[in-house]
Amino acid sequence: NPGEQEIRTARLTAGDYILPFEPTAPVVSGLSVNFSSVGGVAIVSWNNFEDPILTKIAVLEEALQIGSETGSIGMILDLRGNYGGLFEVAQVMASYFFEEDKPMPVELFDWWEYDAKAGGFVRRLVTERTIHSPLPALAYTGPLAVLIDEDCASSCEYFTQYLQRLDRAVVVGQHASMGAGGFINRIAMPEDITFQYTAARTTFLDTSEPNIEASGIIPDIRVPVTLETLRAVRNGEDPVMDAAFDVITELSDPRRKLISTSWTWSLATTSNLDAIEIENPGKYTVTFGEDGSYSIEAGCDHNTGDWTLEDYQLTLTSGPGNLVLCPEPSRGEAFVRIMTKPNAISFDGNDLRILTEDDEYRVILLESAANSP
């Protein structure tokens, strides 16, 4: 279990025992794909990456569309029991979580295929390819959690590992996935018997370490196996899903997003609804510290102090500043004036909107420094 270092041993004796609680089997849907929304969180599940492929992609797109229109605070992909399927389908479905300017690299691993002439596995040439959401308007970059279990296998594992290694999702589960990486061939035999064998394998780039085989995908958040969690499952509860909601709550915390980067002023809207593009946006930046401090650079002006956020109301309490007369046209005074009074904020993708009152500027748009030119 998470946090434990000592190995436990136990002796089990077969027999009839009465459980200290009434067992109730969890309800498992037999549908190939499901979508629901709970508390502003979209939940999507599918049981494989095989047919009906278009149905799975259509439901995922519908979830992303509804989430975009309703302001979903996060998404949970429930892949527990997903036995895999077509690797290409897993790649396509993973691409919906990447934008064109920050695409998903396809070749995260080295691919080894058996060559009879060589008498062993030969590494395939790796090319630098990237993919992103086929529908740019549906590219989802918000908080994302993926649920796995020991039955998540093959393409389910590759799908999860792409999102995990590229820091696009937090993986939640009680156990690692199956560890069934590698491509297979099937041979039809008499009496409706099929012989299946592994014909290829993958390793981490430039290493001989298998990325999935014999280890599986290790959850970022391990839900412990205890009497409490076992009792919860028996009574129809879902402690793994509960843990995923905790992850979404933490990831969607606006404080977390504020301190994740510095912000640059790129656009403004006046009280007359005139849009103004800010010249040299890199001159006007604000950084929010985890300790509750902030720092503003506004051309030739510099301002520091403390910040608080409550119910999306941002308040900056100004400290020492060095306001000076700038030798050239500057919007620094306006930037400091707006920022150092209570304002409502909202997020639009990776952008931060400051909604002001009683000012010549009604809305100012700040871009994440990581995305600024």
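Is R129 buried, partly exposed or exposed? In this predicted model, R129 is partly exposed, with a relative accessible area of 43%. The side chain of R129 takes part in one of the structure's twelve salt bridges, and its partner there is E107. The points below cover the largest pocket, the salt bridges, a mixed sheet, the aromatic pairs and two helices.

**Largest pocket**

- The largest pocket encloses about 1,600 Å³ of space.
- Its lining is made up of 45 residues, and those nearest the centre are T141, G142, P143, K257 and N350.
- Four elements each give two or more residues to this lining: α1 (53–70), α5 (239–251), α6 (254–259) and β20 (343–348).
- Sorted by class, the lining comprises 21 nonpolar, 15 polar and nine charged residues.

**Salt bridges**

- Side chains of opposite charge can pair when their charged atoms come close.
- In the salt bridge between E107 and R129, the closest N and O atoms are 3.2 Å apart.
- E107 sits in the loop between β4 (104–105) and β5 (109–115), while R129 sits in the loop between β6 (120–123) and β7 (130–131); the pair therefore ties together parts that are 22 residues apart in sequence.
- The two partners differ in exposure class: E107 counts as buried at 12% relative accessibility, whereas R129 is partly exposed at 43%.
- A salt bridge also joins E213 to R201, with 3.1 Å between the closest N and O atoms.
- Because E213 belongs to the loop between β12 (200–204) and β13 (221–222) and R201 to strand β12, this pair ties together parts that are twelve residues apart in sequence.
- E213 is partly exposed, with a relative accessible area of 26%, and R201 likewise counts as partly exposed, at 29%.
- E250 and R256 meet through their side chains in a salt bridge of 3.3 Å, N to O.
- R256 counts as partly exposed, at 39% relative accessibility.
- One network, formed by salt bridges that share partners, joins D78, R80 and D238.

**Mixed sheet**

- An open sheet is formed by six strands in the order β1-β2-β3-β8-β9-β13, with mixed pairing.
- Its edge strands are β1 (33–38) and β13, each of which pairs on one side only.
- Within the sheet, strand β2 (residues 41–46) runs parallel to strand β3 (residues 74–78), and five bridges connect the two.
- V41 has G74 in β3 as its bridge partner.

**Aromatic pairs**

- The structure has 18 aromatic pairs.
- W263 and F347 form a tilted pair, at 6.3 Å centre to centre and 45 degrees between the planes.
- This pair links distant parts of the chain, since W263 lies in strand β14 (residues 262–270) and F347 in strand β20, 84 residues apart.
- W263 counts as buried at 1% relative accessibility, whereas F347 counts as partly exposed at 24%.
- The rings of W265 and Y284 have centres 5.8 Å apart and planes at 75 degrees; planes over 60 degrees apart count as edge-to-face, so this pair is edge-to-face.
- W265 is in strand β14 and Y284 in strand β16 (residues 284–288), so the pair ties together parts that are 19 residues apart in sequence.
- W265 and Y284 are both buried.
- One aromatic cluster is formed by F87, F109, W111, Y158 and Y162.

**Helices α7 and α2**

- Helix α7 (residues 332–339) is mostly covered, with six of its eight residues buried.
- The buried residues of α7 are G332, A334, F335, V336, I338 and M339.
- Helix α2 (residues 87–95) contains Q91, which counts as buried at 11% relative accessibility.
- A separation of 45 Å lies between the C-alpha atoms of Q91 and T340, which are 249 residues apart along the chain.

Terms used
Residues are numbered from 1 along each chain as its sequence is written. This is a predicted model: local features need pLDDT of at least 70, side-chain atom pairs count only at pLDDT 80 or more; totals for chains, interfaces and linings use all residues. Side-chain values use heavy atoms; hydrogens and water are left out. On a 1 Å grid over the protein atoms alone, a cavity is a set of points where a 1.4 Å probe fits but cannot get out, and a pocket is an open set with protein on both sides within 12 Å along at least five of seven lines; lining residues have an atom within 4 Å of a point. Grid points are joined across faces, edges and corners, and a volume is the space filled by probe spheres set on the points. Ala, Val, Leu, Ile, Met, Phe, Trp, Tyr, Cys and Pro count as nonpolar, Asp, Glu, Lys and Arg as charged, and the others, Gly among them, as polar. A salt bridge is a side-chain nitrogen of Lys or Arg within 4 Å of a carboxyl oxygen of Asp or Glu. Buried means under 20% relative accessible area, exposed over 50%, partly exposed in between (1.4 Å probe, protein chains only). Two strands pair if DSSP finds at least two bridges between them. Rings of Phe, Tyr and Trp (its six-membered ring) pair if their centres lie within 6.5 Å; planes under 30 degrees apart count as stacked, over 60 as edge-to-face and the rest as tilted.
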